[in-house]
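I opened this model today with a cup of coffee and a short list of things to look up. Here are my notes, in the order I made them.

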Amino acid sequence: MSGLLSKLFKVSGRRKGERLFCSAIILAAGRGERMRGRNKLFAEIDGEPVLVHTLRAFELCPEVDEIIVVARPEEIGNIGVLISDYGFSKVSKVVRGGEKRQDSVYIGLMEASPKSQLAAIHDAARPLVTQKVISETIKAAAQFNAAAPGVPVKDTVKVVKSGEVANTPDRATLYAIQTPQVFKTDIIKAALTDVLRTKAEVTDDCMAVEKLGLTVKITHGDYENIKITTPSDLIVTDAILRERSVYET
Ligand code: CTP
Ligand code: MG
C-alpha cells in the first residue's frame, strides 16, 4: 500500500494475531431469480433453512462480534422470528437491502457498530462456509487489510470472443474467489463509496478495494463453500451437510 493510503486509513504496522472488532454483513436481499421460484434462503437443507446454517457459522465464530443481516423488506419479519427462535445473539440488526448486491453491502456497512474495525461480507447463499475459512480470512484481513478465500480453478478457462477462443490463461494463476471477503471497515467503506459515486461495475467486494490500488490477500477457500444459485445446488449442499453430520456424530 502506498504511504498516502496507509496514512489515510491508519492501517500500517498491524501485528499478526491482533484482535479487532469484526462485523459480519450477511447478504440476504437478493431475488434468487435463478432458483426458478423457490426461495433459496428459506429452503431447507439437512432439515434447516439455508439462512440458519449461514447465520450459525458466524454466530459460532469467536472472531465475529456482531452480525448485520441485509434482507428483502417483505422477509425482515420472518428473519427476525428465525433469529429469536434459534437464539442468534450476535445479530444486532436486520435491515432492508438495495437493488444491486453492492447496494446491499453498502447499506449493511453503514449499519455496522461505530466500534467496527473489520467487516466480513458474506453471501447468505453460502451456508457451507466453515469456521476455518471464516477465522483464517478474518485473521488475514486484520494483518493485511483485505483478504478473501480462493480455490484454484479445476477447469481450463478460456477467453472467448464472438464464439471463438481468443486465448487460454495459465490455469496455475486462476482462483475462484468465495466469501467471506474481509476488510478493514474504513477501507471497504471508502472503496464502495467510490464505486457507487463513479457507478463503476464490480463483480465482488475485493474489486472495489483493488480499484483503490490496494492488495487483497488470498486465504485457503474450500471447494464445498459453494454459492446456492440454481436448484441443483440445493441438492448438492444438502448431500454435503448430511455427509458432514455422519462424521460429526
Ligand atoms: N444479494 C443481496 N442484495 C442484492 C442482490 C443479492 O443481498 N440486491 C445477496 C443474495 O441474497 C445472495 C448474495 O447476495 O445471498 C449473492 O447473490 P446471488 O447468488 O446472485 O443471489 P440472488 O441475487 O438472490 O440470485 P439471482 O442472481 O439468481 O437473482
Ligand atoms: Mg444475483
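**Entry 1: ligand 1.** I began with the backbone around ligand 1, and found one of its oxygen atoms 2.9 Å from a polar backbone atom of glycine 30. I looked at alanine 29 as well: a polar backbone atom there is also 2.9 Å from an oxygen atom of ligand 1. For a side-chain partner I turned to serine 104, where an N or O atom of the side chain is 2.7 Å from a nitrogen atom of ligand 1. I then asked how much of ligand 1 the protein covers. On its own the ligand has 560 Å² of accessible area, and the protein covers 88% of that. I should say here that this is a predicted model, so I read every distance as a property of the prediction.

**Entry 2: the shell.** Which pocket holds ligand 1? I checked, and ligand 1 sits in the largest one. Two elements give two or more residues to its shell, namely β1 (22–28) and α4 (101–110). I counted 18 residues around the ligand, the closest being Leu27, Gly32, Glu33, Ser104 and Lys227. Sorted by class, the shell holds 9 charged, 5 nonpolar and 4 polar residues.

**Entry 3: asparagine 145.** Next I went to the loop between α5 (131–144) and β7 (146–152), which is where asparagine 145 lies. Is this residue buried or exposed? With a relative accessible area of 11%, asparagine 145 is buried, because the cut-off for buried is under 20%. I looked for a partner for its side chain and found lysine 184, joined to asparagine 145 by a side-chain polar contact of 2.7 Å.

**Entry 4: helix α2.** I wanted to know how many residues of α2 (residues 50–59) are buried. The helix is mostly covered, with 9 of its 10 residues buried. I noted the buried ones, among them Val50, Leu51, Val52, Leu55 and Phe58. His53, Thr54 and Glu59 are on that buried list too. For my own reference: an α-helix has 3.6 residues a turn, so residues three or four places apart point the same way.

**Entry 5: backbone oddities.** I scanned the backbone next, and a cis peptide bond turned up between threonine 179 and proline 180, with omega about 10 degrees. Proline 180 belongs to the loop between β10 (175–177) and β11 (181–184). I also found aspartate 46, which is not a glycine and yet has a positive phi of about 50 degrees. Aspartate 46 is in the loop between β2 (44–45) and β3 (48–49), and it is partly exposed at 26% relative accessible area. Lysine 199 went on the same page of my notes, with a positive phi near 55 degrees in a residue other than glycine. I located lysine 199 in the loop between α6 (185–198) and α7 (205–210). Lysine 199 counts as exposed because its relative accessibility is 70% and the cut-off is over 50%.

**Entry 6: leucine 192.** My last stop was helix α6, where I picked out leucine 192. At 1% relative accessibility, leucine 192 counts as buried. How far apart in space are leucine 192 and aspartate 170? I got 30 Å from C-alpha to C-alpha, for a pair that is 22 residues apart in sequence.

Terms used
Residues are numbered from 1 along each chain as its sequence is written. Chains are lettered from A and ligands numbered from 1 in the order in which they are written. This is a predicted model: local features need pLDDT of at least 70, side-chain atom pairs count only at pLDDT 80 or more; totals for chains, interfaces and linings use all residues. Side-chain values use heavy atoms; hydrogens and water are left out. Helices (H or I, at least four residues) and strands (E, at least two) are DSSP runs, numbered from the N terminus. Buried means under 20% relative accessible area, exposed over 50%, partly exposed in between (1.4 Å probe, protein chains only). A polar contact is a pair of N or O atoms within 3.5 Å; within protein, one must be able to donate a hydrogen and the other to accept it, and residues adjacent in sequence count only if both atoms are side-chain atoms. A residue is near a molecule or strand if one of its heavy atoms lies within 4 Å of it. Accessible areas come from the Shrake-Rupley method with a 1.4 Å probe; for residues, only the protein chains shown count as cover. On a 1 Å grid over the protein atoms alone, a cavity is a set of points where a 1.4 Å probe fits but cannot get out, and a pocket is an open set with protein on both sides within 12 Å along at least five of seven lines; lining residues have an atom within 4 Å of a point. A molecule sits in a cavity or pocket if more than half of its atoms lie within 2 Å of its grid points. Ala, Val, Leu, Ile, Met, Phe, Trp, Tyr, Cys and Pro count as nonpolar, Asp, Glu, Lys and Arg as charged, and the others, Gly among them, as polar.
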